[in-house]
Amino acid sequence: MTGARFIIFTIITLLVQIFIAEFINLHQMVYIVITPLPVLFLPYNYSKSLTMVFAFIIGLLTDLSYDGVMGLNAAALVAVAFFKEPVLKLIVSKATRENLSEISSATAGKGAFALVSLALCSVFFLFYIALDNVLYFSFAYTLARFIINVLLNTFIIMLAEFTLFRGFLEKR
Amino acid sequence: MRIPPSFFNAAGRILLFIALEALCLFLIARDGVIERFLLNRKIEAVQSFFWEKNDRARKYFKLNRLQEDIAGQNAVLLSENSRLKAIIERLEGDSLLLHCRNINDDTLSIFEYDWAKVVKNKLNSGHNYVILNKGASDGITEDMGVVTAEGVVGIIRSVGENYSVALSFLNPTQQISAKLGRKNAFGILSWDGKSANGALLTDIQQHIEINNGDTVYTSGHSAIFPADIPLGVVKESKLTSGMHKSAKVELFQDYTLLDYVFVVRNRDMVEIDSLSGLNKR
């Protein structure tokens with residue numbers, strides 16, 4: 001994906017995220033999030049520090065653009081950026097990683113991509129829910145919220161990658 | 001021993017990660033919701049304008065007008081009810097006043113009501129709020145209570161010219177002074193943080209008997225909310241820490257259906273605030 005195409009993709013993702021946050025409220029426990037997608041699709045060989053700064057900016061823009069606690073999405077996305085490399089090292093083989101321009105089901109394989117998505121969604125919601133629930137911790141409620149959000153959002157990322165964004169990403 | 005450059009790279013990344021997370025925590029700790037309300041008041045006023053237009057477009061015009069009329073009449077009735085309650089309390093306290101006081105004196109009630117329409121109702125996070133279509137030009141000020149006939153909605157935290165933002169009761173920082181049934185057993189009611197209709201009544205003295213089905217009301221020990229607004233019913237109670245009792249409360253108010261609300265103005269708020277200030281000194 002070229003730089004310009006990636007910027008357009010990031011802006012579209014942010015706009016869709018704002019729309020989802022403003023108009024799609026499935027349940028109080030559920031938070032649909034697609035902002036990890038630009039962080040996930042950043043090329044594997046891209047500077048890890050810049051990836052974190054990029055994630056921080058995307059997170060802050062998300063927090064600013066709709067109504068949430070300032071810093072909540074930013075903290076969770078920075079964590080996704082930080083753990084992206086260790087997760088990829090665990091799931092994707094070294095030979096495949098070395099040839100990765102960007103992470104997708106086409107380059108890493110559907111199974112590996114699903115696992116990466118699941119792991120990064122887990123990281124996102126581990127930070128997001130821990131910080132959001134800090135004032136009224138309830139183990140059962142927090143665990144249920146975590147599991148529901150991780151599974152739902154992994155499904156959404158997979159769906160988005162396979163359908164909506166696949167054509168966009170593959171065009172060069 | 002020579003330290004490989006990759007070690008410094010990894011250490012740098014970890015330090016950057018910690019620094020960015022610390023910055024996020026700082027932002028969160030500042031309670032970003034309120035801070036941002038104050039900073040983005042102008043932006044939200046514009047947003048509210050469009051939300052209201054959108055809402056109006058979806059409703060049949062005459063029906064909307066009728067609802068506003070009913071809400072206005074309800075506000076008048078609530079003010080009248082509050083005034084009459086105050087008269088009864090005073091007459092019970094000193095029967096001599098019966099002959100001395102003009103019972104139509106509108107100044108007897110310290111609370112008066114104005115109606116407002118909810119133009120945005122944020123419900124899907126741990127930090128919820130509502131935006132009302134009335135602001136400073138309608139006499140709305142910060143720290144006014146927002147109620148309905150079915151309970152407490154929240155407290156006004158930020159006021160623009162034509163719109164205001166109320167921090168919803170569905171917030172971990174919101175606590176209401178409440179009482180249990182007619183027993184005058186006082187406690188603190190706060191959101192349970194889980195469901196939109198769940199709350200916890202805490203700090204009830206352990207000798208007080210709590211029964212499932214008991215109604216919880218506002219206590220009146222607050223300059224923001226009048227007494228005796230029904231809030232919910234007790235579903236379950238237990239002894240906590242061996243000192244006090246607490247109860248799970250099912251709220252009457254369905255926060256997903258908020259439409260018209262009443263903003264409560266305490267006429268004596270300035271005097272109460274000045275006395276509180278005097279006490280602190």
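This report walks through two chains of a predicted model, starting with the helices of chain A and ending with two loop residues of chain B.

## Chain A: helices throughout

Chain A is simple to describe: nine helices and zero strands. Read from the N terminus, its elements go α-α-α-α-α-α-α-α-α. Of its 172 residues, 56% count as buried. If you look at contacts between residues at least 6 apart in sequence, 70% of them link residues at least 24 apart.

## A bent helix in chain A

Helix H4(A) covers residues 72-91. With 20 residues at 1.5 Å each, the expected span is 28 Å, and the end C-alpha atoms sit 27 Å apart, so the two values agree. There is still a bend of about 40 degrees in H4(A), placed at Phe83(A). A proline, Pro86(A), comes within four residues after that point.

How much of H4(A) is buried? The helix is mostly covered, with 15 of its 20 residues buried. As background for reading any such helix, an α-helix has 3.6 residues a turn, so residues three or four places apart point the same way.

## The barrel in chain B

Over in chain B, six strands close into a barrel, and going round it the order is S6-S7-S8-S11-S10-S9. The pairing is antiparallel. From one strand to the next, the twist averages 40 degrees.

For a look at one of the seams, take S9(B), residues 215-218, and S10(B), residues 230-240. These two strands run antiparallel and are joined by three bridges. One pairing to click on is Thr215(B), whose bridge partner in S10(B) is Val233(B).

## Strand S3 and its two partners

Strand S3(B), residues 145-148, is covered on both faces. Gly145(B) and Val147(B) lie on one side, Val146(B) and Thr148(B) on the other, and all of them are buried.

S3(B) pairs with S4(B), residues 151-159, in the antiparallel sense over four bridges. A hairpin of two residues makes the connection between S3(B) and S4(B). Within this pair, Val146(B) has Gly154(B) as its bridge partner. S3(B) also has three bridges to S12(B), residues 260-266, again running antiparallel. There, Val147(B) stands opposite Phe262(B).

## Gln174 in its loop

Gln174(B) belongs to the loop between strand S5 (164-168) and strand S6 (175-180) of chain B. Is this residue buried or exposed? Its relative accessibility is 7%, which is under the 20% cut-off, so Gln174(B) counts as buried.

What does Gln174(B) touch beyond its neighbours within four places in sequence? Its contacts include Gly154(B), Ile155(B) and Arg157(B), along with Leu167(B), Ser168(B) and Phe169(B). Leu189(B), Ser190(B) and Trp191(B) are in contact with Gln174(B) too. Trp191(B) is 17 residues away in sequence, yet the C-alpha to C-alpha distance to Gln174(B) is 7.4 Å. As for polar contacts, the side chain of Gln174(B) reaches the backbone oxygen of Leu167(B) at 3.1 Å.

## Asp259 and a lysine

Asp259(B) sits in the loop between strand S11 (244-251) and S12 of chain B. Its relative accessibility is 18%, so Asp259(B) counts as buried. Which side chain does the side chain of Asp259(B) meet in a polar contact? That would be the side chain of Lys117(B), at 2.7 Å.

Terms used: Residues numbered from 1 in each chain as written. Chains lettered and ligands numbered in written order. Predicted model: local features only at pLDDT ≥ 70, side-chain atom pairs only at ≥ 80, totals over all residues. Heavy atoms only, no water. Buried < 20%, exposed > 50% of the residue type's maximum accessible area, 1.4 Å probe, protein only. Contact = heavy atoms within 4.5 Å. Polar contact = N/O pair within 3.5 Å; in protein donor to acceptor, adjacent residues only side chain to side chain. Pairing = 2+ DSSP bridges. Axes fitted to C-alpha atoms, helices over the stretch in contact; angles between N-to-C directions. Expected span 1.5 Å × (residues − 1). Bend = angle between axes of the 7 residues up to and from the residue.
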